[in-house]
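Please open the model in your viewer and keep the sequence panel beside it, since each stop below begins with a selection. The tour moves from a sheet to the helices on it, then to rings and finally to a nonpolar core.

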Amino acid sequence: MARARVVVVGGGVHGLSTAYHLARRGADVVVLEKRSVGAGASGIAGGIVRNYYRSEAMTEVIARSVEVFEADPELFGFRQVGYLAAVPERQAGDLRAIAARHAEVGYESELVEGGAACAELLRWHWPDFHGEGVVAVLRERRSGWADAMATVRELARRARRAGAKVREAVEVTGFELDGSDAVRAVQAGDERIECDAVVVAPGPWGPRVWDLLGLHAGALFSFFLAREGDFVLPGVGLGARAGPEAPVVHLDSDRPLYSDRDGRLLTDEPWGIYFRMGRTGTAITGGALPTTLSDDLRVDPYGPSNPEQVAGDDFSELFTSGLAAAFGRFRGAGDRWQAAAHGGVVALTPDGYPVCDRPRENVYAILDAGHGFKMLAIGELVASELLDGRSQPLLEPFRLERFAAGTVHTASQSPYPWT
């Protein structure tokens with residue numbers, strides 16, 4: 001009969017990070033991943049590492065997470081190229097609050113306000129940057145982006161090296177409960193694994209894991225399609241005056257957006273795009289506002305083999321038109337882009353922020369399918385709570401009880417549901 005002190009369900013960023021920190025402190029840990037490590041949201045994420053959140057609770061966790069990347073940038077595929085958030089008047093107050101919070105925790109950033117000053121900053125990087133309507137820019141110097149699978153593989157390597165057993169192609173099919181509301185064994189196919197504790201980090205499979213635990217999900221999960229892709233315009237890239245690697249950019253706008261293909265109106269609602277240079281330096285990787293998916297979405301098969309989970313040409317047109325609205329170099333190129341749109345399903349909580357809590361006596365849940373790469377510190381904090389038996393103050397704002405108590409995280413004016 002198999003046994004482990006802790007069974008971790010999910011081989012993404014949070015599951016592997018938690019397993020590593022548990023194992024390095026001597027715990028007997030088994031990670032169960034239904035496909036392969038990084039096969040879910042972690043492996044296809046754009047990997048943007050930034051501290052642009054209106055929630056004050058996120059700021060310090062992300063600052064500590066960036067320190068993890070800074071300690072081993074090559075192993076994690078981390079490129080500390082900086083991050084620029086450029087927003088219209090309706091979001092300027094958010095940037096002021098975020099910049100103030102950065103100052104409190106010592107996360108180096110700079111806030112620029114006023115249309116002329118913002119234009120000067122953006123055109124210093126890109127002389128052809130337009131960005132009409134931008135009145136505030138937040139520049140995060142320590143942020144950047146990480147290669148998704150490089151990060152996942154490094155976390156898996158560290159977990160295995162510390163002694164954790166990382167088992168792939170093993171699907172959890174049930175949890176055996178005792179009379180005290182605790183899990184005493186995990187069922188994985190025909191195998192029964194007894195355990196003292198379970199950590200579930202299921203990403204978009206959260207509703208299914210909740211059902212297997214005999215819990216009522218209610219409105220805890222909402223599915224979104226995070227629309228992202230890789231785009232190449234032959235002979236034209238994102239090269240900036242400052243050097244070969246341009247900073248990551250998040251551009252929000254409340255101006256009407258017109259198609260760069262045929263000039264028709266795409267939207268007169270607030271819109272946003274985010275983008276960075278691709279791994280090769282020729283492609284542009286980025287995304288736009290997600291779309292809402294039905295609550296009865298079939299998560300499997302996950303990824304591009306499922307037509308419901310692939311961003312379409314409407315996203316490609318919106319994204320490249322957004323680039324054309326921002327940069328003179330891209331205008332009139334609407335039909336010449338080589339686009340590989342993809343994206344992935346994420347399961348967000350009601351306020352769009354993670355949950356770190358115990359839904360059952362010896363079950364710890366990390367519910368987060370949208371922020372993983374920016375929150376590597378969660379793994380160490382969760383491991384500490386499990387092994388030391390003491391609450392970590394940084395995780396207190398992420399408890400389940402906040403939804404019933406009405407103490408949800410501060411919402412921003414951003415059009416994105418996870419800010």
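What follows is a walk through a predicted model, one selection at a time.

**The sheet as a whole**

Begin by selecting the strands of the open eight-stranded sheet, whose order is S6-S7-S5-S15-S18-S19-S14-S21 and whose pairing is mixed. Which strands form its edges? They are S6 (109-113) and S21 (338-341), each of which pairs on one side only. If you look along the sheet, neighbouring strands are turned against each other by 15° on average, with direction ignored.

**From S6 to S5**

Select S6 together with S7, and you will find the two strands running antiparallel and joined by five bridges, with Glu 110 having Arg 139 as its bridge partner in S7. S7 itself is mostly covered, four of its five residues being buried.

Next add S5, which runs antiparallel to S7 and is joined to it by five bridges. Two positions are worth labelling here: Tyr 83 stands opposite Glu 140 in S7, and Ala 85 has Leu 138 as its bridge partner in that strand.

Is S5 buried or exposed? Five of its five residues are buried, so S5 is largely enclosed by the rest of the structure. Both of its faces are covered, with Tyr 83, Ala 85 and Val 87 buried on one side and Leu 84 and Ala 86 buried on the other.

**Across the sheet to S21**

Now select S15, which runs parallel to S5 and is joined to it by four bridges; Tyr 83, already labelled, stands opposite Val 248 in S15. Continuing in the order of the sheet, S15 (residues 248-253) and S18 (residues 271-277) pair in the antiparallel sense over five bridges, and Asp 252 stands opposite Gly 272 in S18.

Further along, select S14 with S19, which pair in the antiparallel sense over four bridges, and label Phe 231, which stands opposite Ile 284 in S19. S14 is also joined to S21 by four bridges, again with the strands running antiparallel, and there Gly 229 stands opposite Ala 341.

**Helices on the sheet**

With the strands still displayed, show helix H6 (residues 115-125), which lies across S5, S6 and S7 and runs at about 125° to S6. Then show helix H9 (residues 313-326), which packs on the sheet and touches S14, S15, S18, S19 and S21, while its direction makes about 80° with that of S18.

**Aromatic rings**

Switch to side chains and select the Phe, Tyr and Trp residues, among which there are 17 aromatic pairs. Start with Tyr 52 and Tyr 83, a tilted pair at 6.3 Å centre to centre with 40° between the planes. This pair links distant parts of the chain, since Tyr 52 lies in the loop between strand S3 (48-49) and H3 whereas Tyr 83 belongs to S5, 31 residues apart. Tyr 52 and Tyr 83 are both buried.

For a contrasting geometry, select Trp 210 and Phe 221, whose ring centres are 5.9 Å apart and whose planes stand at 80°, so the pair is edge-to-face. Trp 210 sits in helix H8 (residues 206-212), and Phe 221, 11 residues apart from it, sits in the loop between H8 and strand S13 (222-226). Both residues are buried.

A cluster comes next: select Trp 126, Phe 129, Phe 231, Phe 275, Phe 315, Phe 319, Phe 327, Phe 330 and Trp 337, which ring pairs link together.

Two charged groups over rings complete this stop. The charged end of Arg 50 sits over the ring of Tyr 53, 4.4 Å from its centre, and Arg 276 lies over the face of Trp 145, at 3.7 Å from the ring centre.

**The largest nonpolar core**

Finally, turn to the largest nonpolar core, which has 49 residues and in which Leu 16, Val 29, Ile 366, Ile 378, Leu 395 and Phe 398 have the most contacts. Among the elements that give two or more residues to this core are strand S1 (2-9), helix H1 (13-23), helix H3 (56-71) and helix H10 (377-388), and H3 gives the most, with seven residues.

Which residues does Leu 16 touch, leaving aside those up to four places away in sequence? Select around Leu 16 and you will find Gly 10, Gly 11, Val 31, Val 37, Val 152, Leu 155, Ala 156, Ala 159 and Val 166.

Key:
Residues numbered from 1 in each chain as written. Predicted model: local features only at pLDDT ≥ 70, side-chain atom pairs only at ≥ 80, totals over all residues. Heavy atoms only, no water. Core = buried A, V, L, I, M, F, W, Y, C linked by side-chain atoms within 4.5 Å. Buried < 20%, exposed > 50% of the residue type's maximum accessible area, 1.4 Å probe, protein only. Contact = heavy atoms within 4.5 Å. Phe/Tyr/Trp six-rings, centres within 6.5 Å; stacked < 30°, edge-to-face > 60°. Lys NZ or Arg CZ within 6 Å of the ring centre and 35° of its normal. Pairing = 2+ DSSP bridges. Axes fitted to C-alpha atoms, helices over the stretch in contact; angles between N-to-C directions.
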